[in-house]
Amino acid sequence: MFLEKIVEMKKEEIQRRKTRSRQKEMEEMIPSLPLPRDFMKAILQHPPMAVIAEIKRASPSLGAIKEDVDIIQVARAYEKGGAPAISVLTEAHFFKGDLSYLHLIKEKVSLPLLQKDFILDPFQIYEGRVSGADAILLIAALLGREELSDFADLAMSLHMTPLVEIHNEEDLEKTSFLHLPLIGINNRDLRTFQVDLRTTFRLRRGIPGRTKVISESGIKSLEDVRLLRKAGVDGILVGEILMRSPDPALKITELLEG
């Protein structure tokens, strides 16, 4: 359904952009680029709960959130509010994002940036690195076991932090043999779009203590944050409530005031 549709569209999009010469060009560019900002360090320096604040104009489950928003203004508000990192949607069709947002935002804020997209090909990881991503989302449900390992290794070889996202026990099992610095637990079922915070509570128990855990989707209140903190979660990724807020910086403070 949704996953199959997005994978089909994304593969077509990659084929339109991917060429051997472009791949070689990016590989040659990367050694001369500045090193990515340290995404993991940013998370670790904000205990007991780091907020990855997301810039998201729209989504498949919600439709338009705030399509005409000034993304630079929002990014600056996130930085002012104390978020240690920013998540940037770069998927164009469903989320109304763009790869160019990474450069635009990075020029205006000092925070590390997570690129969120549907990563299906190593070409996209090189694109993200060249475009200014400091970390990159890898969705376990979209990748085979070996692909997930290879993609995470490639990201780390480019000095980026891979945030591997899981949704269920099958995804968790795929990560069991990897030594990942960071795992995201998405409380939204990608097939039904239903959100259940208990997904984090259930899957958190199967993640090694050395791996930091980010809870994603459905986090709306201070009480949600308190429950996640008690469950041993190290950070939250929050988008919708910040994008809809007239004062995103204040909203970040409200989520953490407990």
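Begin by selecting Phe193, which you will find in the loop between strand S8 and helix H9, the helix that covers residues 198-204. As you look at this residue, keep in mind that the model is predicted. Phe193 has a positive phi of about 70 degrees, although it is not a glycine. With a relative accessibility of 26%, Phe193 counts as partly exposed, because that class lies between the buried limit of 20% and the exposed limit of 50%.

**The whole chain**

Now zoom out until the whole protein is in view, and colour it by secondary structure, so that you can find its twelve helices and ten strands. The radius of gyration is 17 Å, close to the 18 Å that the globule rule gives for 258 residues, so the protein is as compact as a globular protein of that length. If you turn the C-alpha trace along its principal axes, it spans about 50 × 40 × 35 Å. Buried residues make up 55% of the 258 residues, and the protein exposes about 11,700 Å², of which carbon and sulfur atoms supply 50%. Among contacts between residues at least 6 apart in sequence, 68% join residues at least 24 apart. If you select the charged side chains next, you will have 37 positive and 39 negative ones, and the centres of these two sets lie 3 Å apart.

**Strand S8 and its partner**

Go next to strand S8, residues 182-186, which is mostly covered, with five of its five residues buried. Which residues of S8 point one way, and which point the other way? Leu182, Gly184 and Asn186 point one way, whereas Ile183 and Ile185 point the other way, and all of them are buried. In a regular strand the side chains alternate between the two faces of the sheet. Now add strand S7, residues 161-166, to the selection, and you will see that S7 and S8 pair in the parallel sense over three bridges. To look at a single bridge, select Glu165 together with Gly184, its bridge partner in S8.

**The loop before S7**

From S7, move to His159, which is found in the loop between helix H7, residues 145-157, and S7. The phi of His159 is near 70 degrees, which is a positive value in a residue other than glycine. Is His159 buried or exposed? With a relative accessible area of 51%, His159 is exposed, because the exposed class begins over 50%.

**A cis peptide bond**

Select Pro47 and Pro48 together, and look along the backbone between them, where the peptide bond from Pro47 to Pro48 is cis, with omega near 0 degrees. Pro48 is found in the loop between helix H3, residues 39-44, and strand S1, residues 50-55.

**A buried glutamine**

Your next selection is Gln23, which is found in helix H2, residues 20-29. Gln23 has a relative accessible area of 16% and is therefore buried, since the limit for that class is under 20%. Leaving aside the neighbours within four places in sequence, Gln23 is in contact with Phe123 and Tyr126, so show these two side chains as well.

**After the helix H12**

Finish at Glu257, whose place is in the segment after helix H12, residues 248-256. Glu257 is exposed, with a relative accessible area of 58%. For a last step, select Val225 as well and draw a line from C-alpha to C-alpha: Glu257 and Val225 are 32 residues apart in sequence and 9.8 Å apart in space.

Key. Residues numbered from 1 in each chain as written. Predicted model: local features only at pLDDT ≥ 70, side-chain atom pairs only at ≥ 80, totals over all residues. Heavy atoms only, no water. Helix = DSSP H or I, 4+ residues; strand = E, 2+ residues; numbered from the N terminus. Rg over C-alpha atoms; globule rule 2.2 N^0.38 Å. Buried < 20%, exposed > 50% of the residue type's maximum accessible area, 1.4 Å probe, protein only. Contact = heavy atoms within 4.5 Å. Areas by Shrake-Rupley, 256 points an atom, 1.4 Å probe, with all protein chains shown as cover. Lys, Arg positive; Asp, Glu negative; His and termini not counted. Charge placed at Lys NZ, Arg CZ, Asp CG, Glu CD. Pairing = 2+ DSSP bridges.
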